[in-house]
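Open your viewer, switch to the cartoon view and keep the selection box handy. We will walk through a few stops together.

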Amino acid sequence: MSAQVKSTLYSGFFLGLLPSTHDVNLMKVACFQMNSEFRRVLELTTDIKLKNKKYGSIIHFSTEDDTLRDKSHVKLEEFPKENWVHDDSLDPQIVYTIKNFVVGFGDLPDLHIYRHPDLGLMIDPRSLMRPGRYHFITVQLVLTEDDTFSLKIEGGQRLQNGQNYDVSSVTEKFENIHEIIKVEHEYNKTVENESWAAIGLLKLVGFDSTDITGIRPIFRIVDKTKKELFEKIASGSEVVMVKQCNVDGTWVDDSASDPQYATLFPSGLERTTVARLKHKYRHKFERLFDMQDRFRFESALVDRTIQFWEGQKHVKNAVFQETLDDNADFQRLQDVIDSHMLKPDILEKLNDDNVQKYKLNDIQYRAIKMAMNEERKLVCIQGPPGTGKTYVLSLLLCQLVEKNQQVIVLTPTREALRNIRDMTENVLELKLSEKSSEISSEKSSEISSENSSENSSENSSENSSENSSRKTKLHKHALMDIEKLTNAINSSEAGIEAIRRQNEWRQLVDHKKLDPEEAIRNFEDIINKTKAEVGRSIMKDVRIVFATISSSFVPEVLKLPTFNPCMCIIDEAAQVMETQMWPAVQKMNKIVLAGDPKQLPALVKSEVAIAIQHYQNLRKQKIDPGSIAIITPYRGQVDALKVEMKKIEHIYPCCGLTTIGTIDSVQGQEYDVVIFSMVRSNPQKNMGFVSDLRRLNVVITRAKRHFFFIGNGFMMVNSYSKEIRKLLEIVINSNHRFHPDHAYHINSGLHDRALKTIKNNFGQDLSAFIDYSEDKDMKNWCKDFVERSKDPVFRGKQNEKKKRMYEAKEKSMISPSRTFQ
């Protein structure tokens with residue numbers, strides 16, 4: 001709007017009509033001109049009648065006069081709709097609400113002053129305005145005695161990180177991305193922030209001045225009982241730190257303080273962490289906050305992910321193109337890869353390198369050969385637990401180190417990262433030790449045969465051993481992670497000098513001998529110079545970079561010209577979400593994925609996962625854990641539920657009070673809440689004893705207030721038990737059938753009609769079941785059924801069978817008599 005404003009165009013707050021002649025209308029207006037400091041209260045004339053114009057409303061007008069003055073004749077103009085809302089209920093006060101806008105550092109020219117791009121300078125007596133996005137502010141017009149006026153900010157709401165000012169606007173950013181990305185985005189946000197919410201507040205307890213990036217605040221968790229959870233997630237996490245203030249005994253976000261972005265590092269002290277502040281927030285923290293101030297932390301992962309996907313950066317990655325298919329919505333990644341990589345013309349080019357077969361079986365050996373082939377841009381190494389995937393990756397890394405190549409290793413968790421790093425170190429030490437022994441033995445033999453003197457032989461052998469050891473010794477920087485690189489830079493000569501000079505500048509600032517802004521410029525210059533010079537020197541000797549998938553470490557090291565990785569290896573890839581993976585491997589030309597596709601992925605909602613998630617939802621609502629029961633027909637499912645329940649005990653205490661058992665074990669008991677996991681799911685539609693009416697009756701009647709049923713709708717609607725079908729009909733007709741995403745507070749995007757439609761989720765050729773089931777008998781039945789379905793006679797019998805079943809279902813249709821909630 002500002003760009004369209006001409007020099008003769010003005011705006012103003014309408015202050016009412018004045019007595020005038022019949023030929024002209026006289027009005028009083030608090031006038032201003034956008035993008036200028038002009039503000040005057042004037043009497044203006046116009047030909048337009050303004051009887052219905054409300055007091056305080058904004059009008060726009062133009063004049064042919066060179067300067068707007070008293071009695072200037074104006075012509076009213078139409079403007080596009082503004083994002084300013086007039087609250088006329090507060091008359092005679094003139095109050096406006098300005099919605100959904102961003103404040104930059106340049107918009108705050110002085111203390112207590114904010115410059116709005118259209119309305120101009122505003123007085124901010126309470127210093128509410130800070131850089132960031134605002135949901136709204138309220139502004140009041142204040143008339144003065146010298147025929148001018150000011151705008152005073154009375155209040156507002158600044159958005160904190162992770163808070164969506166408009167949920168739909170965030171979703172719109174993903175419109176051109178596959179639906180799974182939207183779902184994963186919401187899941188990431190929920191999981192990361194739930195952990196921080198469970199940890200609670202952290203207290204500022206000190207500062208660390210031993211890092212070249214500046215003074216780092218040290219935080220300690222307030223709740224000592226959350227120590228285990230805190231230590232599990234803190235190291236390496238990117239977080240937003242939001243200052244809290246106490247209002248009537250409740251800690252709430254301090255709207256007067258900016259959120260601070262940082263990466264967390266271990267401090268060496270119990271229950272504490274050191275925060276390395278992001279570039280924008282350095283060198284000011286110690287002046288803005290006081291010791292003992294309290295903060296809440298939340299994940300900064302979501303914002304970075306949004307920026308990546310919003311910018312459509314993934315389409316530039318050559319490896320990403322290998323995962324695309326015209327009809328990939330219902331295909332597994334491996335299917336798409338196979339469609340690209342198994343074509344004859346491509347296979348002719350894939351002559352896998354001959355690599356050393358080092359204590360490997362044939363399949364493991366083949367996996368390494370495929371991974372070493374530069375023509376294969378995307379390689380998947382998959383297998384169940386215990387098949388040696390991590391060992392294979394360690395040997396693959398050894399092969400790359402021997403070839404003097406550089407590589408990145410990513411994992412979804414710090415535990416997984418520690419496992420592969422430790423195994424790689426062990427394997428490298430073993431191989432280098434063996435190689436050193438072989439070289440030493442060969443040299444010793446040669447020297448012994450050439451030298452007749454015993455002393456000469458001994459001396460030469462010792463020198464040979466030292467030389468071979470030096471040749472096969474791994475450089476101290478060969479294996480690198482974020483903590484190791486940070487320590488290496490800080491302890492270098494340049495790093496020590498940079499820290500010393502920064503401390504001197506801080507003292508000068510404290511004694512008012514150096515301008516704070518100039519000091520900040522000095523800080524950044526020496527930080528960037530030191531990190532670049534020392535980083536280049538260190539990274540030339542690095543062979544493997546280890547990082548978690550969400551770490552900012554990889555983008556940092558990829559900026560250094562001496563680090564050029566030939567590939568990226570992702571271990572436990574089945575646990576990694578696409579939203580996290582592609583931003584992390586954006587610049588990679590080759591990716592190796594390793595994992596177990598049959599293990600529960602991070603977002604695959606098995607019945608166990610859904611049951612535990614709904615249990616957590618209930619606990620958040622302060623439901624007594626002793627009043628909840630999770631019931632299932634099978635002992636194996638009971639064991640699986642108990643394993644997952646143990647994982648959330650640190651977040652929700654007293655989980656042991658919740659009953660987890662089989663149907664028979666809870667007979668005669670009642671609970672306020674019952675969560676039931678049906679388990680049975682197979683193409684034969686055989687529900688076994690789950691369809692036993694007596695057991696079904698026990699399950700449903702255990703719940704006094706809330707019954708949550710998790711099951712396969714396709715199995716139920718095609719059940720040969722009419723009672724099972726009736727149960728599903730009641731649930732559907734009472735609008736209580738939900739998508740599994742509902743348990744995660746994620747909008748599945750399905751309309752009511754879609755939720756009333758039951759679809760085959762095994763695939764028309766039953767491939768979805770065959771590929772993932774471990775039931776050999778059922779898989780054989782599926783393959784036989786698919787083969788027989790090619791026979792027209794068999795298909796006719798099946799269709800007749802379905803017809804009879806549907807007719808029976810129509811006869812047994814009943815009106816909803818009870819709502820299951």
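Start by selecting L204 in β12 and F219 in β13: these two residues stand opposite each other. Keep in mind throughout that you are looking at a predicted model.

**Stop 1: around β12**

Now widen the selection to all of β12 and to strand β13, residues 216-221. The two strands run antiparallel and are joined by six bridges. Next, add strand β18, residues 294-299, which pairs with β12 (residues 202-208). This pairing is antiparallel too, and two bridges make it up. To find the spot, select L202 and look across to F295 in β18, which stands opposite.

**Stop 2: the open sheet**

Move along the chain to another group of strands. In what order do the six strands of the open sheet lie? Going across, you meet β19, β24, β23, β20, β22 and β21, with parallel pairing. Colour the two edge strands, β19 (378-382) and β21 (479-480), and you will see that each pairs on one side only.

Zoom in on the β21 edge. Here β21 pairs with strand β22, residues 544-548, in the parallel sense over two bridges. Select L479 and you will find I544 of β22 opposite.

Now show helix α10, residues 389-402, which packs on this sheet. The helix touches β19, β20 (407-411), β22, β23 (567-570) and β24 (591-595). Compare its direction with that of β23: the angle is about 160 degrees.

**Stop 3: two cysteines**

Select C380 and C568 and turn on the surface. Which of the labels "buried" and "partly exposed" belongs to C568? C568 is buried, because its relative accessible area is 1%, under the 20% cut-off. C380 has 27% relative accessibility and so counts as partly exposed. While you have cysteines in mind, a disulfide is a covalent bond between the sulfur atoms of two cysteines. The count of disulfides here, with sulfur atoms required to lie within 2.5 Å, is zero.

**Stop 4: a pair of helices**

Finish with helix α13 (residues 482-491) and helix α14 (residues 493-510). Their axes come within 4 Å and cross at roughly 75 degrees, so α13 and α14 are roughly perpendicular to each other. To view the contact, select I489, N490 and S491 in α13, together with E493, G495, I496 and I499 in α14. Colour these residues by type and you will get three nonpolar, three polar and one charged.

Conventions: Residues numbered from 1 in each chain as written. Predicted model: local features only at pLDDT ≥ 70, side-chain atom pairs only at ≥ 80, totals over all residues. Heavy atoms only, no water. Axes fitted to C-alpha atoms, helices over the stretch in contact; angles between N-to-C directions. Parallel < 35°, antiparallel > 145°, perpendicular 65-115°, else oblique. Contact = heavy atoms within 4.5 Å. Nonpolar A, V, L, I, M, F, W, Y, C, P; charged D, E, K, R; others polar. Pairing = 2+ DSSP bridges. Buried < 20%, exposed > 50% of the residue type's maximum accessible area, 1.4 Å probe, protein only.
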